[in-house]
Amino acid sequence: MHSFWNFESRWFCAAILRMKTALSVGSQESLMPAGSKLPVIKTPEGIPFIPGSSLKGVVRSYTERILRTMDRLGQTYWGERLWACDPLDERERCVIATCCERCEDCKGNCCPDCGRCKNCMVKRATHNNRFDDEKLTQEIWNYSCTACRLFGSPWIASRVSFQDAMLTNRDSLLRLVEVRDGVGIDRDLGSAKHRIKYDFETVPSGAEFGITVVVENAEEWEVGLLLLALEAMRKGELPVGGKTTRGPGWGELVDLRVQRIGQENLLDYLKGTGQPAKISPSEILHRLVTVLQGGSHA
Ligand SMILES: [Zn+2]
Ligand SMILES: [Zn+2]
Ligand SMILES: [Zn+2]
């Protein structure tokens, strides 16, 4: 298990996302009154950007899809199950908040879901009114899926953070936003007859955004899982933002760099005299895939 209190390593992944189509980010069309214009998210200076949370969502759900496929194939990493729960369904989460009606009086084995129940874990970690925080953390970790361990859950802090991706080539764009026609469906009436006309802003194709991902205390293979998603972005197979089925959101990733700070170069880095070690993304992926291919026959 990873320690959340100690520094083990910090990884930086940086790249440029170059949009090949327009980009639409960050508006809730169901809340918009008819005839209004949906803006793209901008900085206070009026420069469009992609919120880190939006990129993280795209990368997490892609990584979850890969993990579910690996799990179906019985693929492990050195015997460790690779899997993803459904974080959107309370009952399908890897660790659930409460298990059954006997949960409050649980003596440690109240129902088939007792093991993965957070409330029951707290009870199991409490003896003679003494609460063992480490035991609870360990149990949550053991029951958590690969995706929650990396991207976080209500019980585990995320080890992956995406910074807001800023526009890096504003001077080479003729305009920062374009306005398009959109048609929304009235969610309350749920009928195509009740369409709402609105305009929406997009960032034009050719826009480039600087992406930075910081990963704390991760094993190289976990960074490799992230790189699989970035690899799909690189090839232009993973859209970002909204309205992606209608065209916007498709880009390609260029200039991907991965750097790592470990205990061996931490002090130099903190002093400002050392640089993080550069690690080739393709080598990380190669090492991950080699283990996976070997592991599939185990
Ligand atoms: Zn319970
Ligand atoms: Zn229980
Ligand atoms: Zn999970």
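Start with helices H1 and H5, whose crossing is right-handed. Keep in mind throughout that you are looking at a predicted model.

**Stop 1: the helix crossing**

Select residues 52–72 for H1 and residues 220–234 for H5. Two packed helices are described by the angle between their axes and the distance between the axes. Here the angle is about 110°, and the axes lie 9 Å apart. That makes H1 roughly perpendicular to H5, since angles from 65 to 115 degrees count that way.

Now show the side chains at the contact. From H1, pick Val-59, Tyr-62, Thr-63 and Ile-66. From H5, pick Leu-225, Leu-226, Leu-228, Ala-229 and Ala-232. How many residues of this contact are nonpolar, polar and charged? Colour them by type and you should find eight nonpolar, one polar and no charged.

**Stop 2: the whole chain**

Zoom out and switch to a cartoon view. The chain has seven helices and 14 strands. If you colour the 298 residues by burial, 27% of them come out as buried. A contact map is worth a look too: among contacts between residues at least 6 apart in sequence, 63% join residues at least 24 apart.

**Stop 3: strand E12 and its partners**

Select residues 208–216, which form strand E12. Which way does strand E1 run relative to E12? Add residues 9–19 for E1 and you will see that the two strands run antiparallel, joined by nine bridges. A handy residue to label in this pairing is Phe-12, which stands opposite Val-214 in E12.

Next, add strand E8, residues 160–162. E8 is also antiparallel to E12, with three bridges between them. Label Val-160 here, and then Val-215, its bridge partner in E12.

Then bring in strand E9, residues 165–167. E9 and E12 pair in the antiparallel sense over two bridges. The residues to label this time are Leu-167 and its bridge partner in E12, Phe-209.

**Stop 4: from E1 across to E13 and E14**

Go back to E1 and add strand E13, residues 251–262. These two strands pair in the antiparallel sense over ten bridges. Which residue of E13 stands opposite Phe-12? Click across from Phe-12 and you land on Gln-259.

From Gln-259 you can step onward to strand E14, residues 277–279, which pairs with E13 in the antiparallel sense over three bridges. The residue facing Gln-259 in E14 is Lys-278. As you follow these strands, remember that in a regular strand the side chains alternate between the two faces of the sheet.

**Stop 5: two positive phi values**

While E13 is still selected, pick out Asp-255, which sits within this strand. Asp-255 is not a glycine, yet its phi is positive, at about 60°. Is Asp-255 buried, partly exposed or exposed? A count of C-beta atoms within 10 Å gives 13 others, so Asp-255 is partly exposed.

For a second example, jump to Asn-129 in the loop between strand E6 (126–127) and strand E7 (130–131). Asn-129 likewise has a positive phi, near 65°, in a residue other than glycine. Because Asn-129 has 5 C-beta neighbours inside 10 Å, it counts as exposed.

**Stop 6: Cys-100 and its loop**

Select Cys-100, in the loop between strand E5 (80–81) and helix H2 (118–124). Leaving aside neighbours within four places in sequence, which residues is Cys-100 in contact with? They are Cys-110, Cys-111 and Asp-113. Try a distance label between the C-alpha atoms of Cys-100 and Asp-113: these residues are 13 apart along the chain, and the separation is 7.8 Å. With 14 other C-beta atoms within 10 Å, Cys-100 is partly exposed.

**Stop 7: Leu-176**

Finish at Leu-176, in the loop between E9 and strand E10 (178–185). Again leaving aside neighbours within four places in sequence, show its contacts: Ile-47, Pro-48, Arg-170 and Val-203. For one last distance label, choose the C-alpha atoms of Leu-176 and Lys-42, which are 134 residues apart along the chain and separated by 10.0 Å. Leu-176 has 16 C-beta neighbours inside 10 Å and therefore counts as partly exposed.

Methods. Residues numbered from 1 in each chain as written. Chains lettered and ligands numbered in written order. Predicted model: local features only at pLDDT ≥ 70, side-chain atom pairs only at ≥ 80, totals over all residues. Axes fitted to C-alpha atoms, helices over the stretch in contact; angles between N-to-C directions. Helix = DSSP H or I, 4+ residues; strand = E, 2+ residues; numbered from the N terminus. Parallel < 35°, antiparallel > 145°, perpendicular 65-115°, else oblique. Left-handed = near helix turned anticlockwise from the far one by under 90°. Contact = placed C-beta atoms within 7 Å. Nonpolar A, V, L, I, M, F, W, Y, C, P; charged D, E, K, R; others polar. Buried ≥ 20, exposed ≤ 12 C-beta atoms within 10 Å, placed from the backbone. Pairing = 2+ DSSP bridges.
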